[in-house]
Amino acid sequence: MSQPKVSIITPTYNSADTIIACLESVISQSYTNIEHLIIDGLSTDHTLRIIKQYKLKYPHIKYLCEKDKGVYDAMNKGISIAAGEWVFFLGSDDSLYSHDILEKIFSNPNNLTLDVIYGNVLSSRFNGPYAGEYDALKLIDQNICHQAIFFKKSLFINTGVFNQAYIAHADWAHNLKWFLNKKYKKKYVPHIISNYSDGGLSSSVKDEKFQEIKPLLILRYEHEQLSSQWKAHWAKHFARESLKHKKLIFFIEYVYFYLKNKCQILLNK
């Protein structure tokens, strides 16, 4: 089986101090069927000069430089132009963990039939590797770093790209969508995928819109990964909260999910 092309997408904005380590970690990979897409949001420092210098020597590096609406807009642009069968998002201040990590993932033919492959990241923020294998309840409590996830590009046809309405957790919202749906084939691999640099958007910005709608997203996206009892309890609790705060549209949807799961409980008796 031929080795698939992997598109590594790196959004940049004034990343001159960190981009070289990021670029070098991709250049050093033993797996060579790659492209590295740099999506720059009109940096005003030396970021673009560095990228152009590297591109002269390494043809797998490509770049797009234009105004964007933030990191998720840049990531979505990367998806739209990616030529690879698989896509991976690597921050400009992050780096791939080892020279053979892509080879470990994509030389295994069993991995190529999947929709999503995820592993761990290494960061001083977490005092070691983060965060092991997930189940639905773990994902509800904490996100999988996108620097640990390989997506088959075709997945985005079904799930859609990152919702820019969520300023810091669009990746978490997207992770809920594919992880909670059994039709998407996913696998955890016990490898450290990348070195994750703390101080990114998700750790420094509070995404109030995502936090407000997160319980509804879970109920909308969940496909038989959580019990009907758990979902009914969750829906009842947040229906009360929505009514208390006079959020009637949310209240109606929570009541719907409560009744739906109560009916399922009765049918299963």
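**Aromatic pairs in a predicted chain**

Okay, so the chain has 11 helices and 9 strands. Keep in mind that this is a predicted model, and everything I mention is computed from it.

A quick word on the overall fold. The chain has 269 residues, and for that length a compact globule would have a radius of gyration near 18 Å; ours comes out at 20 Å, which agrees. If you lay the C-alpha trace along its principal axes, the span is about 65 × 45 × 35 Å. Buried residues account for 51% of the 269. As for contacts, take those with a separation of 6 or more: 80% of them are between residues 24 or more positions apart. And the accessible surface is about 13,200 Å², with 53% of that belonging to carbon and sulfur atoms.

Now, the rings. How many aromatic pairs does a search of the whole structure find? The number is 24. Let me walk you through a couple of them.

Start with Tyr-54 and Tyr-58. This pair is stacked, at 6.1 Å centre to centre and with 25° between the planes. Are the two tyrosines buried or exposed? Well, Tyr-54 has 15% relative accessibility, so that one counts as buried. Tyr-58 has a relative accessible area of 21%, and the cut-off for buried is under 20%, so Tyr-58 goes down as partly exposed.

Then there's Trp-86 with Phe-106. Here the ring centres are 5.5 Å apart and the planes sit at 65°; edge-to-face needs an angle over 60 degrees, so that's what this pair is. What I like is where the two partners come from: Trp-86 is in strand E4, residues 86–89, while Phe-106 is in helix H4, residues 101–106. They're 20 residues apart, and the pair links distant parts of the chain. Both Trp-86 and Phe-106 are buried, by the way.

Next, the cluster. Which residues do ring pairs link together there? You've got the tyrosines Tyr-72, Tyr-118, Tyr-134 and Tyr-188, the phenylalanines Phe-89, Phe-151, Phe-156, Phe-162 and Phe-179, and then Trp-178.

Two of those rings have a lysine to look at as well. Lys-138 lies over the face of Tyr-134, 4.6 Å from the ring centre. Over at Phe-179, the charged end of Lys-186 sits over the ring, at 5.2 Å from its centre. So if you're rotating the model on your screen, look for Tyr-134 and Phe-179 in the cluster, then find Lys-138 and Lys-186.

That's what I had on the rings.

Terms used:
Residues numbered from 1 in each chain as written. Predicted model: local features only at pLDDT ≥ 70, side-chain atom pairs only at ≥ 80, totals over all residues. Heavy atoms only, no water. Phe/Tyr/Trp six-rings, centres within 6.5 Å; stacked < 30°, edge-to-face > 60°. Buried < 20%, exposed > 50% of the residue type's maximum accessible area, 1.4 Å probe, protein only. Helix = DSSP H or I, 4+ residues; strand = E, 2+ residues; numbered from the N terminus. Lys NZ or Arg CZ within 6 Å of the ring centre and 35° of its normal. Rg over C-alpha atoms; globule rule 2.2 N^0.38 Å. Contact = heavy atoms within 4.5 Å. Areas by Shrake-Rupley, 256 points an atom, 1.4 Å probe, with all protein chains shown as cover.
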